[in-house]
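Here is a short walk through one protein chain. Keep the view open and turn it as you read.

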Amino acid sequence: MKKIALLTSAAWPSGIPDDSALIKAAPEFGIELIPCVCDETHNWSEFTAALVRSPWDYVAIKELFEQTLKSISQSCQLINPLATLQWNFNKRYLIELAHSGLPIPATTLVKRHETARLTSLGAEIVVKPVISASGFETHRLKTNELESFDWQRLPWG
C-alpha cells in the first residue's frame, strides 16, 4: 500500500473535515493517507509522496515550512511542485499573472513607507500582505480609515 502524507497544520492535526471521506476511501485504491502536521518531525522517506493539503498556518512558520518542503522533495515525491509552492508564497505572483494577460482584481504593491499613496485607489480598498494565506491579515478599508489603520501589524515581505 502506498503511504501518502497529507500536509496539514497544528490546528487540523487529523486533516480538515473534508479529508475524512478521502482518508476513508483511499485504501480501496491501495493508498494510505496520513495527515502530517507540517512543522513536526517526520521521516519523509517512509512516504511514497506528500500532498500539501491544509498547512494554513505556514505564514507564521514560512522558513521552517519551506525547509520542510525541501526535505520532503529530497525524500519522496512532493505532489505539489516545490517551485510552484515557492512562487505562490509571495502574492506578487498576481502581478505576473496580470502581465500574462490573465484577469485579476486591480492590484497595487506598496512598501511600508508608501501607504499614503493608497488614498488615490478609490473609496474602498482591500489590503493583503504579500506573504499570506487565505484571509490572514486581509482588511477591507475605506479611504478615511487608512491613516488610522495599524500598518505595523502587517507582515511585510
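Begin with the surface. The protein chain exposes about 9,600 Å². Carbon and sulfur atoms supply 54% of that area. This is a predicted model, and every value here is computed from it.

Charges come next. The protein chain carries 15 positive side chains and 17 negative ones. The centres of these two sets lie 5 Å apart.

Now look beneath the surface. Of the 157 residues in the protein chain, 34% are buried. Buried here means a relative accessible area under 20%.

What about the overall dimensions? The C-alpha trace spans about 60 × 30 × 25 Å along its principal axes. The radius of gyration of the protein chain is 19 Å. For a compact globule of 157 residues, a value near 15 Å would be expected.

Contacts add to this picture. Take the contacts in the protein chain with a separation of 6 or more. Residues 24 or more positions apart account for 61% of them.

Next, trace the fold. The protein chain has four helices and six strands. Starting at the N terminus, the order of elements is β-α-β-β-α-β-α-α-β-β.

Which strands come together in the open sheet? Four strands build it, in the order β2-β1-β3-β4. Their pairing is parallel. Strands β2 and β4 (77–78) are the edge strands, and each pairs on one side only.

Move inward from those edges. Strand β1 covers residues 2–8, and strand β3 covers residues 49–54. The two run parallel, and five bridges join them. For one facing pair, find leucine 6: it stands opposite leucine 51 in β3.

Finish at a single residue, glycine 30. Its place is in the loop between α1 (19–25) and β2 (31–37). Is glycine 30 buried, partly exposed or exposed? Its relative accessible area is 27%. Buried means under 20% and exposed means over 50%, with partly exposed in between. Glycine 30 is therefore partly exposed, given its 27%.

This glycine also has a partner from far back in the sequence. Glycine 30 and methionine 1 are 29 residues apart in sequence. In space, they are 4.9 Å apart, C-alpha to C-alpha. Which residues does glycine 30 touch, leaving out those up to four places away in sequence? They are Met1 and Lys2. Lys2 falls within strand β1, residues 2–8.

How values were computed. Residues numbered from 1 in each chain as written. Predicted model: local features only at pLDDT ≥ 70, side-chain atom pairs only at ≥ 80, totals over all residues. Heavy atoms only, no water. Rg over C-alpha atoms; globule rule 2.2 N^0.38 Å. Buried < 20%, exposed > 50% of the residue type's maximum accessible area, 1.4 Å probe, protein only. Contact = heavy atoms within 4.5 Å. Areas by Shrake-Rupley, 256 points an atom, 1.4 Å probe, with all protein chains shown as cover. Lys, Arg positive; Asp, Glu negative; His and termini not counted. Charge placed at Lys NZ, Arg CZ, Asp CG, Glu CD. Pairing = 2+ DSSP bridges.
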